[in-house]
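Colleague: I am new to this model and would like a close look at a single part of it. Please take one residue, describe its surroundings, and then work outward.

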Amino acid sequence: MTCASCVARVEKRLNRVPGARATVNLALESAHVEVSPAEDGSTPDVDALVEAVRKAGYDARVTGRHDLVTPPAPAAPADDPAPTHPTEHTAHPEHSGHPGMDPREHALSGHSMAPGHDMDPDEDTSAPTDARGTDLRRRLRVAAVLTVPVLVLSMVPAAQFPGWQWLVAALALPVATWAAWPFHRAAARAARHGASTMDTLVSIGVAAATAWSLWALLLGGAGEIGMRMSVTLFPAADMRGHMPELYFEVAAVVVTFLLAGRYAEHRSRRRAGDALRALLDLGAKDVALLVTGPDGRRVEQRVPVDRLAVGDEFAVRPGEKVATDGVVVQGTSAVDASLLTGEPVPVDVGPGDEVTGATVNAGGHLVVRATRVGEETRLAQIGRLVAAAQTGKAPVQRLADRISAVFVPVVLVLAVATLATWLLTGGTAQAAFTAAVAVLIIACPCALGLATPTALLVGTGRGAQLGVLIKGPEMLEQTRTVDTVVLDKTGTVTEGRMALVDVLVPAGGASAAEVLRYAGAVEQLAEHPIARAVADAAATPADGPVGGDGVVIGADQVHDFRAEAGRGVSGVVRAAHSGVGLSRRVLVGRPTWLAEQGVTADEDLAARFAAAEADGATAVAAAWDGAVRGVLVLRDPVKESSRQAVAELRDLGLRPVLLTGDNTGAARAVAREVGIAEEDVVAEVLPADKVDVVRRLQADGHRVAMVGDGVNDAAALAAADLGLAMGTGTDVAIEAADVTLVRGDLRAAPQAVRLSRRTLRIIQQNLFWAFAYNVAAIPLAALGLLNPMIAGAAMAFSSVLVVTNSLRLRRFR
C-alpha cells in the first residue's frame, strides 16, 4: 500500500464481506479484522477475507487469530489456533514490509507516513533498522564528501578554475542520482498509484535543479571554459544575469541535508523506542522445567521458554527471572516487579501467590506452576496493548492526514503558478526556476509524518515504564476534556480486604492485647474474612521451647471449636504444656448471638459497638466468663496513597466522586479520610447500577473518567468517557478500560492523566511547528527570497526538531 486511498480501498473491500469489520493500518501495512456471524448466520472465513484484499489489488496473509469471546488480561486477545466467534484476524500484504524488521519493530519506530507515502522496503528512509541506518550512513558519507567541493566551487568565485563547472557536474550527478535514489524511487512508485507524497516534492525539486543545470551546461552556454558564477542567498535580488545559472550545488546540498535529517530521524526513532524494546525484551529466554525422570525423581531440565505449557512446574533460583505467569507452589521469596509496575519495593510471595513473568526473584528458591504462557502472559499483553496505542491515530492526527493528503498536490500547483507568475511578470527564466524549486523543497511536509507517532511512541513507552498503559491515542484527547472522576471504593481507594483497626475495651476490664489474643486464637480456626483479619492482627511469631507434639510451650491452643455461620464462633483456649492451667471458653460474634448464649455487654460497650457500625465499620464482640470483654472494629482500610491521589486529581481540575455498593456510613468515613466531599459520595449502589451513575453524570453535562478494578466495574468503565482500570483488578475490568494502571496505587491515575495531557500537548506543538513552518516559508520561497539550499536545510531541520521535541517526554515523572 502506498497512500490513504489504498487504505480506504482495502478497508472498503473487507467491510463489504458480511460479518467482517476491518481497520487497515498504513504504517504497518496490516488489517485488523473482527469477524462475527452475519445476518444470514454465515461467518466469513480466511479465504473470503484474502479474496477481498485481492479484489482491491493486493495480496495478504493471516498473521494471527485471537478469540475475543472471553476477554483475557490485561487488555489484549489471546491466541487461539481454532477460534470461536467473534474472532479477530490480522493480515499483512505479501509484498510489503521491511527486510529484517517485524511489524512490532516498525510500530516501535514512531513512524507514520503521510497519505500517499510508499511503504516499499527502500522507502521508509529513516526506518529504525540496522540495515537502514547503515545504508543511510553510507549514502550520507558519499553525498557529503562529494557535496563539499561542489558547494565551494559553485559559491566561491576565487576557487573557480577553468572548466570547474564540468568537475562540479561530475561530482553532483552521483549525489542527485545514487544518493537521492530512495527519494526518487518512492516518488515514482507513488506516481504509479496516482498519488503524490512528500518525497514527490523532493524528487521533482532535485530532478528539476539537475535537469536545468545540465541544459545550461550543455546547451545554454554555461559550459564555456573560463565562465565564472556567484550565488546569491536571495535569488530575487539578482535579476540581471543573461547566462543561465547552474544549480548543481542546490541539488547536492538539498540531498545531503535531507539524508542528514533522515539519518538523525533514524537515530532518534531508535532512541524513542528503546524504553519499550527494553520492556518487551524483559522476558526470560530459558527456564528450569521440572520433569519426572525414569526413576520417578523430579529433575530440572533447561529448555527454551516457548516450550512451557500451562500446568508445567518450573524452578526459579535467586536472581533469575520468573519465566512466565504462574502460581507459587513451593518456597518463599521476594519478587522484584519494578520493571513492570514501577513499584520499587519487592513483594513477598509464598505458596498460593501469583507471580508475573519477567519479574526477578530477589530472594529464595521458588517452584512455580505456569498459568499463562506465550501470547497470554501479562508481558505479551502489555506489548500488544502499547503497540496498538502507538499505531493508532489521535483525531488531531487524522486532521493532519486530511490536510497533508491535499497539501502535496496544492504545493505542486503553487510551484507551477510561481514559475508562470515570474515569467509573465517579466522575470528571468532562472529567477522563476529558482523560486519554483524553492517552493517545492521548502513545502515538503516531512515533519507532519513524524509529529504524532513519535510523541505517541515516547509517551506510551514512558507510560509503560511507569506502569501506565494507554490503549489508544484517542484516550489522550479524552483526558483534556474530562472534568469528573468516579472512584470505585473497594479495591481502588481502599485495600479491598478487611483489617482490624481498633479494639474497644471497658475501663477497668481486660486489656486490648488480651482481648485480641483470645479472640485471635479462636478466629484462626475459622474461614470467614472477618475471622482471617482478626487472626492476622493477633498473629505473633511463636518463640520458646517446643513440646513433644511440636507446639510451642505456652502458646494458645483451642479445643472444642464451634462455628455458627454468620453468627459467631467459640472454643476453649488454654496455654499448651502449662499443666492444669486456666482454660477459658471464648466466644466471638454478634451481640445478638452472644445474648442467646447468655452473655450481655455493658451499656458503654454496647453504645460504642453501635457507634462503630453506624460509622460504616464491621464490629464483633469477644466474651468469656459470662461477660463481653471487648469489641473488635474492622474496616476495609484506605490505601496510604489514596488521600494524596485525590488531592492530585483535584489539582488537575477534576472533581472526585466516590462510588460504592457499601453502606452510606462506610462510604462517608472513607470519603472523609481521603478528602472527598459528602455530597460527592454515591453509596449503596448495586453493581448493575454503577453504569447508570456514570450516565447520569454525563447527562448533567460532565465528561466522566471512571477508576475501578472489579467485574462489577466493567460496564461503568466502558461507559465512561475515560476508563482507568487498576492492574491488580480483574481481567474483565482491564479489558473494558481505556487505560490500565499496572500498580494497585491510585496515584497512578493522576499520573496517567498528566502523562496523557503532556503527550497531547507535545503532539499539538509538533503539528503547529510543522504546519507553521510550511505556511510561513512558502510565500518567502515564491517571492524569490529563499535560496533552495537554505530551504533544504530548514526542511531537514524541521523533522529533527519534531522528533527532538517528542523525546522530551522521556523525562516525564
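Modeller: What follows starts at N361 and then turns to some salt bridges and to another group of strands. Keep in mind that this is a predicted model.

N361 is in strand 13, which covers residues 360–361. Is N361 buried or exposed? N361 has a relative accessibility of 0%, and because buried means under 20%, N361 counts as buried. Its side chain reaches the backbone oxygen of V316, at a distance of 3.0 Å. V316 also appears among the contacts of N361 once neighbours within four places in sequence are set aside. The other residues in that list are R317, P318, G319, E320, S333, A334 and L366.

Next comes the sheet around strand 13. Three strands make up an open sheet in the order 11-10-13, with antiparallel pairing. Strand 11 (347–349) and strand 13 are at the edges; each has a single partner strand, so one side of each has no neighbour in the sheet. The pairing of strand 13 with strand 10, residues 333–336, is antiparallel and consists of two bridges. Within strand 13, V360 is the residue that stands opposite D336.

Salt bridges are the next topic. How many salt bridges does the count come to? The count is 22. One of them joins R21 and E34, whose closest N and O atoms are 2.6 Å apart. This pair links distant parts of the chain, with R21 in strand 1 (residues 20–25) and E34 in strand 2 (residues 30–35), 13 residues apart. R21 counts as exposed because its relative accessibility is 56%, while E34, at 25%, counts as partly exposed.

A salt bridge within a helix is formed by R138 and D135, with 2.8 Å from N to O. Both residues belong to helix 4 (residues 130–155) and are three residues apart, about one turn of the helix. R138 is partly exposed at 41% relative accessibility, whereas D135 is buried, with a relative accessible area of 11%.

E678 and R672 form another salt bridge, and their closest N and O atoms are 3.7 Å apart. E678 counts as partly exposed at 38% relative accessibility, and R672 is partly exposed as well, with a relative accessible area of 46%. There is also a network in which salt bridges with shared partners join D286, E300, R302, R317 and E320. This leads back to the starting point, since R317 and E320 are among the residues in contact with N361.

The last part concerns strand 22, residues 627–635, and its pairing with strand 17, residues 499–504. These two strands are antiparallel and share five bridges. Here L500 stands opposite L634 of strand 22. Strand 22 also runs antiparallel to strand 21 (residues 618–624), and seven bridges join the two. In this pairing, A623 has V628 in strand 22 as its bridge partner. Strands 21 and 22 form a hairpin with two residues between them. D625 lies in the turn and has a positive phi of about 55°.

Key
Residues are numbered from 1 along each chain as its sequence is written. This is a predicted model: local features need pLDDT of at least 70, side-chain atom pairs count only at pLDDT 80 or more; totals for chains, interfaces and linings use all residues. Side-chain values use heavy atoms; hydrogens and water are left out. Helices (H or I, at least four residues) and strands (E, at least two) are DSSP runs, numbered from the N terminus. Buried means under 20% relative accessible area, exposed over 50%, partly exposed in between (1.4 Å probe, protein chains only). A polar contact is a pair of N or O atoms within 3.5 Å; within protein, one must be able to donate a hydrogen and the other to accept it, and residues adjacent in sequence count only if both atoms are side-chain atoms. Contact means heavy atoms within 4.5 Å. Two strands pair if DSSP finds at least two bridges between them. A salt bridge is a side-chain nitrogen of Lys or Arg within 4 Å of a carboxyl oxygen of Asp or Glu.
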